[in-house]
Amino acid sequence: MLARKWLKDCLDSHEACQQDLWDSNFRPTRVVEILEKHPLWHVRLIQPTTQIDYIALSYCWGGPQVMLTTKTEELWKTSLPWAELSQTIKDAVYVCTELGFKYLWVDALCIVKMT
């Protein structure tokens with residue numbers, strides 16, 4: 001995949017990309033972990049206990065979304081409802097795996113919606 005090559009080239013050869021630009025102690029509260037790839041996608045919500053490499057998705061929702069709530073959080077630690085996820089999120093999971101990442105942060109899935 002060309003994007004994976006570009007990312008590797010960037011990290012390997014650009015001085016600015018090699019610098020630790022972020023707080024090395026930071027880790028998100030929750031991320032989506034990709035356990036199984038296509039065709040049997042299995043993703044779940046985890047709370048990282050160590051620093052991880054992840055991709056973040058930020059996008060305009062455009063309509064109702066599956067969202068993390070206090071009621072769904074425990075269920076999602078086993079498995080997210082793949083069939084109910086928007087195509088944008090499914091595509092982000094796919095791109096994440098193609099770029100060689102196992103973790104994805106998505107606001108709708110990783111920030112608890114206050115009800």
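Start by selecting β3 (55-57) and β4 (residues 103-106): three bridges join these two strands, which run parallel. Helices (H or I, at least four residues) and strands (E, at least two) are DSSP runs, numbered from the N terminus, and two strands pair if DSSP finds at least two bridges between them. Click on Leu-57 and look across to β4, where its bridge partner is Val-106.

A word on the model before moving on: it is predicted, with pLDDT of at least 70 needed for local features and 80 or more for side-chain atom pairs, while totals for chains, interfaces and linings use all residues. Numbering runs from 1 along each chain as its sequence is written, and side-chain values use heavy atoms, leaving out hydrogens and water.

Now show the whole sheet. Its four strands lie in the order β2-β1-β4-β3, forming an open sheet with mixed pairing. At the edges you will find β2 (42-46) and β3, each paired on one side only. From one strand to the next, the twist averages 35°.

Next, add helix α4 (residues 87-98), which packs on the sheet and touches β1 (31-36), β2, β3 and β4; contact here means heavy atoms within 4.5 Å. The direction of α4 makes about 150° with that of β4, where axes are lines fitted to C-alpha atoms (for helices, over the stretch in contact) and angles run from 0 to 180 degrees between N-to-C directions.

Stay with α4 and colour its buried residues: Ile-89, Lys-90, Ala-92, Val-93, Cys-96 and Thr-97. Buried means under 20% relative accessible area, exposed over 50%, and partly exposed in between (1.4 Å probe, protein chains only). Look down the axis of α4: these buried residues fall within an arc of 160°, so they line one face of the helix. The arc is taken from the directions from the helix axis to the C-beta atoms. Just after α4, stop at Gly-100, whose phi is positive, near 90°.

Now select Trp-41 and Trp-82. Their ring centres are 5.3 Å apart and their planes at 15°, so the pair is stacked; rings of Phe, Tyr and Trp (its six-membered ring) pair if their centres lie within 6.5 Å, with planes under 30 degrees apart counted as stacked, over 60 as edge-to-face and the rest as tilted. Trp-41 is buried at 16% relative accessibility, whereas Trp-82, at 21%, is partly exposed.

Last stop: Met-114, in the segment after α5 (107-110). At 70% relative accessibility, Met-114 is exposed.
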